[in-house]
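Here are my notes for anyone opening this structure for the first time. Have a look at it, then read the points in order.

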Amino acid sequence: MTDLPPNTALPTPAETPGETTAEGEVEAKAEVGVGPWEGEWPEGGHWDPDLLRDGDRRNVVDQYRYWKHEAIVADLDSKRHEFHIAIENWQHDLNIGTVVRTANAFLAKEVHIIGRRRWNRRGAMVTDRYQHVRHHPTVEDFVQWAEGEGLAVIGIDIFPDSVPLETYDLPEKCVLVFGQEGPGLTPEVHEAAVATLSIEQFGSTRSMNAASAAAIAMHAWVRRHVFKQPV
């Protein structure tokens, strides 16, 4: 795969009619993405002729503008990180979409849904089209899969035996598991985990939002294994 041709200037996003403020002024809103390709079309099988003709309004980085969807996924697959994300879904947790979106941002290998197959995709903002998502009907099925892949199961929650995420040396090949909003990790996942990690907090609340905790944990993995920062 190749990036945009050298010195290629993307079309400038056009402004669209905005909303009228209380003072009667119109606030212009910038269009998402770019318009039709300007000039001679580039050559290569990864370019999407429909997008080149009509413009690319998807929420993708500039590198992938005008690329076919399958070409983007293939390129992402060639450089995904070695960590996986799992989240329990026994009560249709609304956090799952946001977790998927963050997993896409940090280029997780896969996202695993444990429990109910259906999940609220609204928070994913269509990023689930670019992120591999696998379903496990039970904790037992999930744990067997992780063991077969040689992945360390790491729980993220507050338990008496939890150790600080900030000082734990995360293994490169692992799956970070998050529980339901409210009840947290189930006892089955807690027992199966090689370690359960907590995120240090300094305010009055006992816990934080599961999607926020997932973002912090993923970034901790990136700092350790992408930027080689010691614990």
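The points below go from the whole chain to a pair of helices and then to two single residues.

1. Before anything else, keep in mind that this is a predicted model. The protein chain has 231 residues, and 43% of them count as buried. Its secondary structure adds up to six helices and nine strands.

2. How do the contacts spread along the sequence? Take the contacts in the protein chain with a separation of 6 or more: 62% of them are between residues 24 or more positions apart. As for the outside, the accessible surface is about 12900 Å², and carbon and sulfur atoms make up 50% of that.

3. Now pick out helix H3 (96-105) and helix H6 (residues 210-225). Their axes come within 9 Å and cross at roughly 15°. An angle under 35 degrees counts as roughly parallel, so H3 is roughly parallel to H6. If you care about handedness, the crossing of H3 and H6 is right-handed.

4. Which residues do the meeting, then? On the H3 side they are Thr98, Val99, Thr102 and Ala103, and on the H6 side Ala211, Ala214, Ala215 and Met218.

5. Go next to Asn95, in the loop between strand S3 (83-89) and helix H3. Is Asn95 buried or exposed? Its relative accessible area is 9%, and the cut-off for buried is under 20%, so Asn95 is buried.

6. What does Asn95 have around it? Leaving out neighbours within four places in sequence, Asn95 is in contact with Glu181, Asn209, Ala210 and Ala211. With Asn209 there is also a polar contact, side chain to side chain, at 2.9 Å. Ala211 is worth a second look, as it turned up among the H6 residues that meet H3 and is in contact with Asn95 as well.

7. Last stop: Trp41, which sits in the loop between strand S2 (26-30) and helix H1 (49-54). Trp41 has 40% relative accessibility, and values between 20% and 50% fall in the middle class, so Trp41 counts as partly exposed.

8. Which residues does Trp41 touch? Not counting residues up to four places away in sequence, Trp41 touches Pro49, Leu52 and Arg53. For Leu52 there is a distance to quote too: Trp41 and Leu52 are eleven residues apart along the chain, and their C-alpha atoms are separated by 7.4 Å.

Conventions:
Residues numbered from 1 in each chain as written. Predicted model: local features only at pLDDT ≥ 70, side-chain atom pairs only at ≥ 80, totals over all residues. Heavy atoms only, no water. Helix = DSSP H or I, 4+ residues; strand = E, 2+ residues; numbered from the N terminus. Buried < 20%, exposed > 50% of the residue type's maximum accessible area, 1.4 Å probe, protein only. Polar contact = N/O pair within 3.5 Å; in protein donor to acceptor, adjacent residues only side chain to side chain. Contact = heavy atoms within 4.5 Å. Areas by Shrake-Rupley, 256 points an atom, 1.4 Å probe, with all protein chains shown as cover. Axes fitted to C-alpha atoms, helices over the stretch in contact; angles between N-to-C directions. Parallel < 35°, antiparallel > 145°, perpendicular 65-115°, else oblique. Left-handed = near helix turned anticlockwise from the far one by under 90°.
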